[in-house]
Amino acid sequence: MKVRVWNDNIHLFKQEIADKLYEVPAKQCIELEEDDANVLIKRYSPIILGGDDQPIPECYKMLRIDKDDLHRNRMHKQNKNKAGTYVCQACGYVAANKWELNGHSQDMHKDQWEDPEEAQESVNAEQPRKKRK
Ligand SMILES: [Zn+2]
């Protein structure tokens, strides 16, 4: 997923990594895939000395990844992981396994079961019933 990479410098920032030239305008941002953004952020950028042997401000690497974008990507990944687990269809509760989900469903949503008889049976049964197809 894409993130914005901001340049906090008042000078354009340029860096070439693996034959790709990244240019981030002064005080602006570019959009990159998060992996590419991390590579760009972490890659060392050489200090360039000016005439007075002081580093020139143009070479300062003042890049950062937008925090909101990172947060959004984290949430997205979490939700994706949840999709493969046991989520209560009625309230969104995430259970550790199908037995816990079954128990939750019986405790919290007994009155919502389509077939009251079956609900009662499941409550009484020691082992969870197989899901009806
Ligand atoms: Zn629920």
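This report walks through a predicted model, from its overall layout to its sheet, hairpin, core and one loop residue.

## Overall layout

The protein has 133 residues, and 7% of them count as buried. Its secondary structure comes to 4 helices and 7 strands. Read from the N terminus, the elements go β-β-β-β-α-β-α-β-β-α-α.

How far along the sequence do the contacts reach? Taking contacts between residues at least 6 apart in sequence, 45% join residues at least 24 apart.

## The three-stranded sheet

Let's start with the open sheet. Three strands make it up, in the order β4-β1-β5, and the pairing is antiparallel. β4 (29–33) and β5 sit at the edges with a single partner strand each, so one side of each has no neighbour in the sheet. From one strand to the next, the twist averages 30 degrees.

Now for the pairings themselves. β1 meets β4 over 5 bridges in the antiparallel sense. Val3 has Leu32 as its bridge partner in β4, and Val5 has Ile30 in that strand. Over on β5, β1 is joined by 3 bridges, again antiparallel, and here Val5 stands opposite Ile65. So Val5 turns up in both pairings, because it is the bridge partner of Ile30 in β4 and stands opposite Ile65 in β5.

## A helix across the sheet

Which helix lies across β1, β4 and β5? That's α1, and it runs at about 120 degrees to β4.

β1 itself has two faces. Val3, Val5 and Asn7 are on the covered one, while Lys2, Arg4 and Trp6 are on the uncovered one. This fits a familiar pattern: in a regular strand, side chains alternate between the two faces of the sheet.

## The nonpolar core

Which residues make up the largest nonpolar core? There are 7 of them: Val3, Val5, Phe13, Val24, Ala37, Leu40 and Leu63. The elements giving two or more residues to this core are β1 (2–7) and α1 (34–42). Val3 and Val5 also belong to the covered face of β1. In soluble globular proteins, nonpolar side chains tend to be buried together.

Leu63 is a handy residue to click on. Leaving out residues up to four places away in sequence, Leu63 touches Val5, Trp6, Asn7, Phe13, Val24, Leu40 and Ile41. Among these contacts, Val5, Phe13, Val24 and Leu40 are also listed as core members.

## The β2–β3 hairpin

Next up is the hairpin. Strand β2 (residues 13–17) and strand β3 (residues 20–24) run antiparallel and are joined by 5 bridges. One pair to look for is Lys14 with its bridge partner Glu23 in β3.

The hairpin has 2 residues between its strands. Ala18 lies in this loop between β2 and β3, and so does Asp19. Ala18 has a positive phi of about 50 degrees despite not being a glycine. Asp19, not a glycine either, has a positive phi of about 65 degrees. Are these loop residues buried or exposed? Ala18 is exposed, because it has 7 other C-beta atoms within 10 Å and the cut-off for exposed is 12 or fewer. Asp19 is exposed too, with 5 other C-beta atoms within 10 Å.

## Tyr22 on β3

Tyr22 is in strand β3. With 18 other C-beta atoms within 10 Å, Tyr22 counts as partly exposed, because 20 or more would be needed for buried.

Not counting residues up to four places away in sequence, Tyr22 touches Lys14, Gln15, Ile17 and Leu40. Leu40 is one of the core residues. Tyr22 and Leu32 are 10 residues apart in sequence, and their C-alpha atoms are 9.8 Å apart. Leu32 is the β4 residue that bridges to Val3.

## Pro57 in a loop

Last stop: where is Pro57? Pro57 is in the loop between α1 and β5 (63–65). Pro57 counts as exposed because it has 12 C-beta neighbours inside 10 Å, and exposed means 12 or fewer. Pro57 and Ile10 are 47 residues apart in sequence, but 8.6 Å apart in space, C-alpha to C-alpha.

Note on methods. Residues numbered from 1 in each chain as written. Predicted model: local features only at pLDDT ≥ 70, side-chain atom pairs only at ≥ 80, totals over all residues. Core = buried A, V, L, I, M, F, W, Y, C linked by C-beta atoms within 7 Å. Contact = placed C-beta atoms within 7 Å. Pairing = 2+ DSSP bridges. Axes fitted to C-alpha atoms, helices over the stretch in contact; angles between N-to-C directions.
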